[in-house]
Amino acid sequence: MRFAMFLVTMMGCGASTTPAPWTQGPLVGEQPVTASTKRSSTLEALTFVEPNPVDYDYDDDPSQRAVAETECARNAEACLQAGVMAERGLGGSSDVVAAKGFYERACAMDVSEGCSLLGGLYWRDLLGVDQVSLALTWFKQGCALENEEDCVRAAYILAQDVTAESQRDAEQYLQQACVLGYTEVCLEPVDQDH
């Protein structure tokens, strides 16, 4: 389920018939546009859109929440549901600490959306600790579980650091997102048969 769209705004992309700037020759007095400058402009243009628990449609039903919490011990989707319900306060009071636990279990059972929503809790600073690095950790885990949106989220966070290593890592996460089918962030053509 796609619950967020990432916007990559680059000059020349979209419905225009004008070729992309990196396919044209340099203008007078300008440096030629290379693959390196294309990568740099792509990283700079990333916009972060956080995972949103509102995108999941669960009823405000205490019995539904109780069943999800009980089933979480053996069912990853139930953990995800229990986490969303706890975070949003559906079927009871809002409890981000409980939501964190349910999302962690869902992620540990290989449900990438659990990793995404857990990263979102840290990104929104709802848990009051080193939120950015922990958000990055969970988005990387979601990416490892082949959630292309988490790959882009990890790239966004890494791109904020200007070190060469972080920029290379950001490019690798964008490339992974591209391979997984999130073509809006492709830095170069890839074979979609992964």
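**Note on the predicted model, with attention to helix 3**

1. The protein chain holds 8 helices and 0 strands, and this description, like everything below, refers to a predicted model. Read from the N terminus on, the order of elements is accordingly α-α-α-α-α-α-α-α.

2. For the chain as a whole, 42% of the 194 residues count as buried, while the accessible surface comes to about 10,000 Å², with 51% of that surface belonging to carbon and sulfur atoms. If one takes the contacts between residues at least 6 apart in sequence, 59% of them join residues at least 24 apart.

3. Helix 3 covers residues 76-88, which makes 13 residues, and its span from first C-alpha to last is 18 Å, close to the 18 Å expected at 1.5 Å a residue.

4. How many of the 13 residues of helix 3 are buried? The helix is mostly covered, with 11 of the 13 in that state; among them are the alanines Ala 76, Ala 78, Ala 82 and Ala 86, and the list also includes Cys 79, Leu 80, Val 84 and Met 85, together with Gln 81 and Glu 87.

5. Which elements cover these buried residues of helix 3? The cover includes helix 2 (62-71), helix 4 (96-108) and helix 5 (112-123).

6. Both ends of helix 3 deserve a look. At the N-terminal end, Asn 75 acts as a cap, with a side-chain oxygen lying 2.9 Å from the backbone nitrogen of Glu 77, and just after the helix Gly 89 takes a positive phi of about 75°.

Notes
Residues are numbered from 1 along each chain as its sequence is written. This is a predicted model: local features need pLDDT of at least 70, side-chain atom pairs count only at pLDDT 80 or more; totals for chains, interfaces and linings use all residues. Side-chain values use heavy atoms; hydrogens and water are left out. Helices (H or I, at least four residues) and strands (E, at least two) are DSSP runs, numbered from the N terminus. Buried means under 20% relative accessible area, exposed over 50%, partly exposed in between (1.4 Å probe, protein chains only). Contact means heavy atoms within 4.5 Å. Accessible areas come from the Shrake-Rupley method with a 1.4 Å probe; for residues, only the protein chains shown count as cover. The expected span of a helix is 1.5 Å times one less than its number of residues. A polar contact is a pair of N or O atoms within 3.5 Å; within protein, one must be able to donate a hydrogen and the other to accept it, and residues adjacent in sequence count only if both atoms are side-chain atoms.
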